Amino acid sequence: MATATLEEKSGKVVIRHIGLLLSGDIDQPILSADTIVIEDGLITAVGRAKDCDLEDAQTVIDARHTCVCPGLIDSHVHPVFGDWTPRQNQLGWIDSTMHGGVTTMISAGEVHLPGRPKDIVGLKALAITAQRAFANFRPGGVKVLAGAPVIEKGMTEDDFRELAAAGVSLLGEVGLGSVKAGYEAKEMVAWARKHGIQSTIHTGGPSIPGSGLIDKDVVLEADADIIGHINGGHTALPESHVCELCEKSSRAIEIVHNGNERVAIAAARAALELKCPHRIILGTDGPAGSGVQPLGILRIIALLSSLGHIPAELVFCFATGNTARIRGLNCGLIEVGRAADFVFMDRAKHTAGKTLLESVQLGDIPGIGMVMIDGLVHCTRSRNTPPATEVPVVL
Ligand SMILES: [Zn+2]
């Protein structure tokens with residue numbers, strides 16, 4: 001299905017016969033509703049069909065009793081330009097990831113750009129250009145929030161003020177540039193925060209030759225908004241240090257697919273034991289040395305639920321509502337006024353699980369039957385997931 005232009009509006013859309021409605025809200029992950037009404041890309045009603053105004057819809061979708069979940073949010077990607085990644089010289093990776101249920105991606109820095117500028121005027125220019133380019137172009141319909149500069153020594157508060165005024169709202173991973181000491185990072189993270197720019201710090205060993213170690217003391221001192229890939233990207237800190245970060249910091253705990261899987265589970269369990277599941281958010285850290293994983297978010301959901309023994313409906317919140325709240329996004333939750341970004345799923349054909357949630361808890365990934373962004377259908381049966389047992393139909 002073609003990518004809609006940014007100007008195209010959904011009109012009124014009604015989704016009926018929802019079998020399972022995952023809310024994205026960690027405090028109430030399952031809603032007892034079977035119908036969603038959308039007007040021009042925003043949710044206007046959620047409830048039982050008899051209580052909703054279903055008249056005059058331009059589009060009616062029969063969910064055929066499958067699951068509707070907020071579109072997945074990948075909290076940690078490294079886009080460059082368009083739908084190309086030089087990391088594995090691959091085209092179409094973002095569109096392919098949409099077929100894995102991801103409707104929003106957040107850049108942790110456009111670090112794979114060949115010849116990436118490291119001088120201050122150059123890094124600011126790149127960030128502003130990347131922010132503009134992805135605001136104007138959505139590969140596969142995916143909302144890519146990009147323009148995340150990698151901070152370098154010598155930046156002043158004026159640089160952060162200028163970036164914020166130009167529309168930059170994210171920092172790339174702190175630690176990928178020349179700022180690696182806790183005291184330096186702390187000052188720049190505070191300037192960023194003062195000007196409304198959210199920060200993420202690289203956690204753990206170097207990701208590729210040329211990057212460095214960021215240990216727990218630097219993470220704590222820098223106090224970035226997101227403890228980026230707390231389970232390493234790929235090389236993790238010792239498990240005890242990761243648990244200490246969960247305990248001593250109040251910031252977001254980001255777990256990624258391209259990290260240490262054992263430590264991913266330890267971090268999630270630590271957050272649950274500390275009674276702060278709302279802090280857990282998920283990313284892929286792709287494209288990476290281990291490739292592009294269009295199903296990366298679904299795979300980490302299945303990993304945490306099955307081997308981490310966490311109910312699947314909670315883990316879906318890590319990749320939807322938690323991320324939306326922490327990052328201030330108008331998606332990720334099934335609520336009136338939010339963006340109509342949804343993934344329709346059913347248990348994969350021939351899974352041992354009797355329900356979708358049970359199949360995920362057994363370690364299988366779901367089959368995707370449709371992806372909707374701003375009320376517009378961007379794919380029907382996914383070309384990447386195992387086939388869903390049942391798929392929705394556009395009436
Ligand atoms: Zn990193």
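The second largest pocket of this predicted model has a volume of about 370 Å³. Its lining consists of 22 residues. Thr104, Val144, Leu145, Ser169 and Leu329 lie nearest the centre of this pocket. Three elements, β11 (102-107), α2 and β12 (143-145), each give two or more residues to the lining of the second largest pocket. By class, that lining has 11 nonpolar, 7 polar and 4 charged residues.

The largest pocket has a volume of about 450 Å³. It is lined by 28 residues. Closest to the centre of the largest pocket are Arg87, Val111, His112, Ser207 and Ile208. The lining here has 13 polar residues, with 9 nonpolar and 6 charged ones.

The structure also has a zinc ion, and three residues supply its protein donors. These are Glu173 through OE, His202 through ND1 and His229 through NE2. The donors lie 1.8 to 2.3 Å from the zinc ion. Along the sequence, the donor residues follow the spacing E-x28-H-x26-H. Glu173 and His202 link distant parts of the chain, 29 residues apart. Glu173 sits in the loop between α3 (157-165) and α4 (182-194). His202 sits in the loop between β13 (200-201) and α5 (216-222). Both Glu173 and His202 are buried.

Charged side chains were examined next. Side chains of opposite charge can pair when their charged atoms come close. The structure holds 25 salt bridges. Three pairs among them are described here, along with one network.

The first pair described joins Lys124 and Asp159. Their side chains meet in a salt bridge, at 2.7 Å from N to O. Lys124 lies in helix α2 (residues 120-136) and Asp159 in helix α3, so this pair ties together parts that are 35 residues apart in sequence. Lys124 has a relative accessible area of 8%, and therefore counts as buried. Asp159 is likewise buried, at 9% relative accessibility.

Helix α3 also takes part in a second pair, through Glu157. The side chain of Glu157 meets that of Lys194 in a salt bridge, with an N to O distance of 2.8 Å. Lys194 lies in helix α4, so the pair ties together parts that are 37 residues apart in sequence. The two partners sit in opposite settings. Glu157 is buried, with a relative accessible area of 18%. Lys194 is exposed, with a relative accessible area of 60%.

A further salt bridge forms between Asp51 and Lys50. The closest N and O atoms of this pair are 3.4 Å apart. Asp51 has a relative accessible area of 57% and is exposed. Lys50 also counts as exposed, because its relative accessibility is 71%.

Salt bridges also form a network in this model. Arg138, Lys143, Asp341 and Asp374 are linked in it.

Note on methods:
Residues numbered from 1 in each chain as written. Predicted model: local features only at pLDDT ≥ 70, side-chain atom pairs only at ≥ 80, totals over all residues. Heavy atoms only, no water. Donors = N, O, S within 2.8 Å, 3.2 Å for Na, K, Ca; no water. Helix = DSSP H or I, 4+ residues; strand = E, 2+ residues; numbered from the N terminus. Buried < 20%, exposed > 50% of the residue type's maximum accessible area, 1.4 Å probe, protein only. Salt bridge = Lys/Arg side-chain N within 4 Å of Asp/Glu carboxyl O. 1 Å grid on protein atoms, 1.4 Å probe; cavity = no way out; pocket = protein on both sides within 12 Å on 5 of 7 lines; lining within 4 Å. Points joined across faces, edges and corners; volume = space filled by probe spheres on them. Nonpolar A, V, L, I, M, F, W, Y, C, P; charged D, E, K, R; others polar.
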